[in-house]
Structure formats: structure tokens, C-alpha cells
Amino acid sequence: MARHFWSLGMTRRRIIIVDDHPLFRSALHQTLAGGDAAVSVEEAGDLNGLSAALEADRDCDLVLLDLNMPGVRGFSGLLLLRAQYPDIPVMIISAVEDATIVRRAFELGAAGYLHKSVGPTEIRRAIETVLSGEVFVPAGLSMGSEDEQSALMRRLATLTPQQVRVLMMLSDGLMNKQIAYELSISEATVKAHVSAILQKLDVDSRTQAVIAAARIEDGQFEALFSVGNEKA
């Protein structure tokens with residue numbers, strides 16, 4: 001029987017599946033491990049579980065991330081992971097097939113994108129591609145040309161982990177005092193983060209930053225530069 005690509009080297013591969021559906025995680029786990037001692041597959045039901053696994057051992061070769069999970073909106077999970085662990089490749093595995101969503105995932109630093117309906121052979125091929133240091137793009141996907149949204153995605157990808165958290169809390173309508181309490185930091189630090197977010201996103205107000213965050217999922221940024229100028 002042919003061995004998996006990740007079995008050919010001497011290094012043991014560690015892959016973490018992050019999905020809130022236990023049955024899907026279990027099936028994917030079996031597909032990837034398949035009794036092969038050269039690959040270690042772990043599961044997490046949410047980002048907190050993933051963070052715990054990576055804090056215990058940051059040596060990870062690949063994270064397989066679902067876009068839609070409790071506590072995650074749009075690309076916020078991908079943004080946070082790429083900011084917190086930039087050296088760990090992240091492949092999106094999702095039920096969403098929209099070409100714009102796929103393109104945005106790559107613009108935010110995803111190393112690959114898989115639809116949940118693909119079979120074991122395609123899953124293994126995709127993971128082999130990413131583990132070899134390349135990017136896996138779904139067959140037939142037209143990435144198209146860059147646009148204003150693409151530029152904003154690149155700016156979003158420059159946010160630090162704490163700035164991503166602050167931006168998501170701004171999107172939830174939290175005030176500086178509430179954000180400071182939730183993150184156990186001072187209000188002055190929150191204000192500094194907000195100012196940095198506005199500068200990195202090249203917007204003039206908290207409202208514009210919140211709109212940018214809210215539109216991440218579907219790529220609708222038309223109103224971004226036409227809203228009011230409520231300062232941080």
C-alpha cells in the first residue's frame with residue numbers, strides 16, 4: 001500500500017483540525033491518520049481549543065480551519081491565527097464555495113482552501129501540496145484581478161492578534177471601557193490599539209473600521225469610505 005506524502009520523510013507531521021462538528025472532525029481525522037504513525041492528528045472544537053493545543057506545543061505543521069464556528073465571524077478566526085501564529089500554515093476547509101470568499105481567504109494568508117464535499121484523495125492531495133510549501137488552489141477557481149477589497153484585505157492581514165480582538169469587539173458594539181475589561185488592559189491601551197487599527201486600515205473613524213470588519217465575510221466594501229467621521 002502506498003504511503004502518504006507526509007510519511008516519506010523522517011519528521012513526524014502534526015495536523016490540527018478545527019471544526020465544531022464532531023462527526024466531520026472524526027471522519028477527517030480518520031482520512032488523514034489512517035493508522036499512519038508518521039502523522040499526528042489532533043482535534044479542536046473551537047479557537048479556544050486550538051489555542052490551548054498550540055500553547056502546549058507550538059510545533060504544528062498545518063491547521064485545518066472551518067470558517068463558520070461559534071465565536072467566529074467571517075474571517076476573524078483566520079485573521080487571528082495568521083497574526084498569532086504566522087509560521088503555521090492554515091488551510092480553510094469549509095462548506096462555502098463562493099469564489100469571492102475563497103479569494104479573500106487567500107488574500108488573508110490561507111495556504112489552501114478545500115470544500116467539505118471533496119473526497120479523501122483530493123483532501124490528501126491538498127495537504128500534500130501545502131506540506132510541501134506550496135499553496136493549494138481549488139481546481140477551476142478563477143482568482144480574478146485585485147480590487148479595492150483586495151487592498152483592504154492586505155491591510156487587515158497586518159493587524160496584530162490584540163488588534164484583531166479589539167476590532168472584533170468594536171464590531172460587537174463594545175466601548176473602550178468594556179474592551180479594556182474583557183482584555184484585562186487599560187483604556188489607554190485600548191485607545192492606542194484603536195488608533196493603530198485606523199491607521200493600518202487607512203480609515204478615519206471607528207465606524208469605518210467596524211464596517212470593514214463586518215464586510216469581511218462577503219467582500220462588500222462599497223460603503224466603507226462614505227460613512228461618517230466618528231473619531232476614536
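This briefing walks through the sheet, the helices around it and a handful of individual residues.

The model is predicted, so take the ground rules first: local features need pLDDT of at least 70, side-chain atom pairs count only at pLDDT 80 or more, and totals for chains, interfaces and linings use all residues. Residues are numbered from 1 along each chain as its sequence is written, and side-chain values use heavy atoms, with hydrogens and water left out. At the centre of the story are 5 strands in an open sheet, ordered 2-1-3-4-5 with parallel pairing. Helices and strands here are DSSP runs numbered from the N terminus (H or I of at least four residues for helices, E of at least two for strands).

**The sheet**

- The edges belong to strand 2 (39-44) and strand 5; each has a single partner strand, so one side of each has no neighbour in the sheet.
- From one strand to the next, the twist averages 20°; angles like this run from 0 to 180 degrees between N-to-C directions, with axes as lines fitted to C-alpha atoms (for helices, over the stretch in contact).
- Strand 1 (residues 13-18) pairs with strand 2 in the parallel sense over 6 bridges, where pairing takes at least two bridges found by DSSP between two strands.
- Strand 1 also pairs with strand 3, again in the parallel sense, over 4 bridges.
- If you want to trace the register, Arg13 has Val39 as its bridge partner in strand 2, and Ile15 has Val41 there.
- Ile15 also has a bridge partner in strand 3, namely Leu62.
- Strand 1 is mostly covered, with 5 of its 6 residues buried (buried is under 20% relative accessible area, exposed is over 50%, and partly exposed is in between, using a 1.4 Å probe and protein chains only).

**Helices against the sheet**

- Helix 1 (residues 22-33) lies across strand 1, strand 2, strand 3 and strand 4 (90-94), and runs at about 170° to strand 2.
- Helix 5 (residues 120-131) lies across strand 1, strand 3, strand 4 and strand 5, running at about 135° to strand 3.
- In helix 2 (residues 47-56), the buried residues include Leu47, Leu50, Ala53 and Leu54.
- Looking down the axis of helix 2, the buried residues fall within an arc of 120°, so they line one face of the helix; the arc is taken from the directions from the helix axis to the C-beta atoms.
- That fits the usual helix geometry: an α-helix has 3.6 residues a turn, so residues three or four places apart point the same way.
- The buried residues of helix 2 pack against strand 1, strand 2, strand 3 and helix 3, while Asn48, Glu55 and Ala56 are exposed on the other side.
- At the start of helix 2, a side-chain oxygen of Asp46 comes to within 3.2 Å of the backbone nitrogen of Asn48.

**Asp66 and its loop**

- UniProt, in an unreviewed entry, puts the feature "modified residue: 4-aspartylphosphate" at Asp66; such annotations may be inferred rather than shown by experiment, the feature names are shortened, and the positions are given in the numbering used here.
- Asp66 sits in the loop between strand 3 and helix 3, and Asp66 counts as buried because its relative accessible area is 4%.
- Beyond its neighbours within four places in sequence, Asp66 is in contact (heavy atoms within 4.5 Å) with Val18, Asp19, Asp20, Ile93, Ser94 and Lys116.
- Pro70 is in the loop between strand 3 (62-65) and helix 3 (76-84), but Pro70 is exposed, at 57% relative accessible area.
- Pro70 and Asp19 are 51 residues apart in sequence and 9.6 Å apart in space, C-alpha to C-alpha.

**His115 in strand 5**

- His115 is in strand 5 (residues 112-115) and counts as buried at 18% relative accessibility.
- A polar atom of the His115 side chain lies 2.9 Å from the backbone oxygen of Ala95.
- Leaving out neighbours within four places in sequence, His115 is in contact with Ser94, Ala95, Val96 and Glu97.

**Positive phi outside glycine**

- Ser184 has a positive phi of about 55° although it is not a glycine; Ser184 lies in the loop between helix 8 (176-183) and helix 9 (187-201) and is exposed at 68% relative accessibility.
- Asp202, also not a glycine, has a positive phi near 60°; Asp202 is in the loop between helix 9 and helix 10 (206-214) and is exposed at 52% relative accessibility.

Key:
A polar contact is a pair of N or O atoms within 3.5 Å; within protein, one must be able to donate a hydrogen and the other to accept it, and residues adjacent in sequence count only if both atoms are side-chain atoms.
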